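Trainee: I would like a close look at one part of this model. Please take me through it step by step.

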Amino acid sequence: MRPAHLRPLAALCGAILTADTALAQPRLAQATRSPPPPAARPGDFDYLLGDWRFTGVSKRWGRLRGAWSAVRLATG
């Protein structure tokens, strides 16, 4: 147990720490929030249209190959 003359000081330090932590949390949340991604515009992904074949090398799976096919839909 703390001596009687130190109890008010300990309570004051605890109140300051609690208030500082409460004030810092919203600032931290704002600092780590990333801006929303920009909305896609017509034509942004035209370079992906078509049929593609690709190959690759993975350290875990070794050589690999695959195919990609992308078309424009009538709805956008």
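Trainee: Which side chain meets Asp44 in a salt bridge? Please go on from there to the surroundings.

Mentor: Keep in mind that this is a predicted model. The partner of Asp44 is Arg41. Their side chains meet in a salt bridge at 3.5 Å, N to O. That fits the rule, because the cut-off is within 4 Å, from a side-chain nitrogen of Lys or Arg to a carboxyl oxygen of Asp or Glu. Side chains of opposite charge can pair when their charged atoms come close.

Now look at how open the two partners are. Asp44 has a relative accessible area of 27%. Arg41 has 59%. Exposed means over 50%, and buried means under 20%, with partly exposed in between. So Asp44 counts as partly exposed, and Arg41 counts as exposed.

Next, the other pair. The count of salt bridges comes to two. Asp46 and Arg72 also meet through their side chains, at 2.4 Å, N to O. This pair links distant parts of the chain. Asp46 sits in the loop between helix 1 (7-32) and strand 1 (50-58). Arg72 sits in the segment after strand 2 (62-70). The two are 26 residues apart. Asp46 is partly exposed, with a relative accessible area of 35%. Arg72 is exposed, at 51%.

Stay in that loop for a moment. Phe45 also lies between helix 1 and strand 1. Its relative accessibility is 48%, so Phe45 counts as partly exposed. Now compare sequence and space. Phe45 and Ala70 are 25 residues apart in sequence. From C-alpha to C-alpha, they are 9.8 Å apart in space.

Move on to the strands. Strand 1 and strand 2 pair in the antiparallel sense, over nine bridges. A hairpin of three residues joins strand 1 to strand 2. Find Asp51, and you will see Ser69 of strand 2 standing opposite.

Finally, look at the surface of these strands. Trp52, Phe54, Leu64 and Trp68 make a nonpolar surface patch of about 410 Å². Strand 1 and strand 2 each supply at least two residues of this patch. Trp52 is found in strand 1. At 42% relative accessibility, Trp52 counts as partly exposed.

To recap, start from Asp44 and Arg41, which meet in a salt bridge. Then follow Asp46 to Arg72, a pair that links distant parts of the chain. End at the antiparallel strands and their nonpolar patch.

Methods
Residues numbered from 1 in each chain as written. Predicted model: local features only at pLDDT ≥ 70, side-chain atom pairs only at ≥ 80, totals over all residues. Heavy atoms only, no water. Buried < 20%, exposed > 50% of the residue type's maximum accessible area, 1.4 Å probe, protein only. Helix = DSSP H or I, 4+ residues; strand = E, 2+ residues; numbered from the N terminus. Patch = residues over 30% accessible without salt bridge, like charges linked within 9 Å, V, L, I, M, F, W, Y side chains within 5 Å. Areas by Shrake-Rupley, 256 points an atom, 1.4 Å probe, with all protein chains shown as cover. Pairing = 2+ DSSP bridges.
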